[in-house]
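Me: I should like to understand the terms used for this structure. Please explain each by its definition.

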Amino acid sequence: MREYLYFPGCSLKGAGAPYEKSLLAVFRALDLTLTEIPDWNCCGATAYLSVDADMGIVLAARNLALAERADGRDVVAPCSGCFLALSKAKAMIAEYPEVRTKVEEALGRVDLPYRGHVAVRHPLEVLSTDVGPERLRKVVTRPLKDFRVAPYYGCAILRPYDTVDDAHTPHVLEDLIRISGATPVDYPNKARCCGGMLTTGVQSVGLRLVEILLESAKEADADAIVTTCPLCQYNLEVYQDRLCKTTRKDLRIPVMYFTQMLGLAFGLDDHALGIDQLFRVPVLTVPAGGRR
Amino acid sequence: MKLIKVVKYEESLDPKFAERVAAEPGGERIWDCIQCGTCSAICPVSLYMDLTPRRIVGMIRAGFRDEVLDAISPWICTSCYACTVECPEEIRITDIMYIVKRMAMRESGHHRFVVPAIEEAFIEMVRKNGRLTESRMGLRVAGKSGLRYALAMVPIAWKLMRRGRLRLLHAERMENPESLRVALAAIENHGSSPARVPARGSRPVVEA
């Protein structure tokens with residue numbers, strides 16, 4: 001049994017609810033404990049960097065300092081945006097003494113020492129390295145045979161820090177897809193931007209980026225896209241109907257979290273994985289409890 | 001006949017602009033740029049930009065302060081870090097875009113554009129509750145983006161609600177947002193931001 005601290009982030013408490021459900025279920029099935037960081041706050045996201053970078057870094061650092069105070073275990077941040085914001089704050093504080101001074105000053109006001117000892121991890125990396133393929137394979141009871149999956153990494157877990165996987169030739173997601181018994185399709189756009197916040201700010205551009213990703217997944221004849229981030233999942237999923245109308249292309253495809261895919265392969269219940277909360281439910285040829 | 005000056009004269013450039021950008025964390029390597037254009041090539045949104053990333057970097061170095069701060073480009077940047085990873089000179093171009101955004105927020109008239117307005121609404125909500133409530137943020141965005149946008153979002157919001165992914169009455173907040181406010185207040189008004197900078201068009205005063 002391994003224990004981790006858990007930084008859910010705002011999204012997993014909202015539209016990313018199925019991600020939280022499936023993450024907790026999969027970690028439980030693997031005997032991994034996630035303890036939510038007490039009274040965590042927003043990671044700062046990209047918004048703060050555009051307005052006041054120091055404040056954004058203080059927001060992220062407060063969470064890391066809380067983790068240090070809790071017990072200093074690795075922090076699991078499932079949202080790629082949070083993962084990057086926390087990783088970036090940690091790197092900036094280590095690199096720039098003037099940033100560190102400001103963080104120490106701010107957190108000093110609330111008696112929170114920041115030392116920078118806590119590791120920030122993405123669950124993709126935790127599952128592929130801490131747990132490892134051997135252990136994962138043992139838990140798979142329902143291989144997702146004939147299920148073709150487009151692995152979509154998005155940006156923030158690969159760039160600019162490459163702690164999860166190589167920025168140019170990532171493969172951990174493909175590995176997990178194979179372990180689940182499914183088939184990873186060749187998906188050249190796997191690390192291309194999902195549009196991020198542009199799908200709200202400048203929709204004409206943001207939705208074009210979404211269209212490119214959906215279209216190439218359809219071209220690869222994928223049955224589903226698997227994502228590692230609540231924003232990617234949201235962008236790829238919710239605009240499909242609208243894009244079908246505006247582009248006159250068939251862009252309908254289920255978009256699920258990699259934890260949901262693993263959970264299905266572990267034989268976990270659809271509801272426990274939040275599969276029923278998706279806009280499009282992936283169609284598996286192998287139903288729960290064995291072959292059809 | 002009215003004559004319009006189309007050529008930028010040396011005297012209307014801001015020779016200190018590049019220094020200011022280079023002084024911010026992440027901006028230091030701006031002088032290493034060889035103008036190869038790899039950033040613009042890899043950028044997934046450069047074709048929608050008025051100034052591509054390469055031009056932004058080149059124009060910062062040449063002192064085109066007003067043009068750079070008025071550009072839409074930094075607000076189109078989705079912060080995907082493709083340019084930063086590919087740059088052969090290891091220039092943190094994404095960070096430079098953030099630096100430009102921060103300067104534009106303070107020194108330019110960018111508040112009319114919807115992206116910075118969304119960012120400010122985000123920050124206001126986090127300052128108050130310590131966390132973001134997506135449903136409320138969605139309403140704010142819809143309010144700022146006009147009726148057509150809002151109407152198009154209705155079926156999506158409905159689907160999300162029916163699936164328990166959007167709770168209208170729920171507000172996501174910290175148990176004790178005050179502790180965050182106290183911490184943030186310590187650095188407010190003297191962050192990396194030069195507090196007050198002259199209005200657009202006038203010659204900027206740069207702190208030594």
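Reply: The centres of domain 1 of chain A and domain 2 of chain A, taken over C-alpha atoms, are separated by 24 Å. This is a predicted model, in which local features need pLDDT of at least 70 and side-chain atom pairs count only at pLDDT 80 or more, while totals for chains, interfaces and linings use all residues. Residues are numbered from 1 along each chain as its sequence is written, and chains are lettered from A in the order in which they are written.

Me: What makes 2-121 and 141-277 domains of chain A?

Reply: Domain bounds come from an automatic or database domain assignment. That assignment gives domain 1 (2-121) and domain 2 (141-277) for chain A, so these two ranges are called domains.

Me: How many residues does each domain of chain A give to the contact?

Reply: Domain 1 of chain A gives 20 residues and domain 2 of chain A gives 21. Two residues are in contact if their C-beta atoms, placed from the backbone, lie within 7 Å.

Me: Which helix gives the most to the side of domain 1 of chain A that touches domain 2 of chain A?

Reply: α2(A) does, with nine residues. Helices are DSSP runs (H or I, at least four residues), numbered from the N terminus; α2 of chain A spans 17-29, and is therefore called a helix.

Me: What is known of chain B and its contact with chain A?

Reply: In chain B, domain 1 is 10-109 and domain 2 is 114-185, with C-alpha centres 29 Å apart. Between the chains, 50 residues of chain A are in contact with 53 residues of chain B.

Conventions. Helix = DSSP H or I, 4+ residues; strand = E, 2+ residues; numbered from the N terminus.
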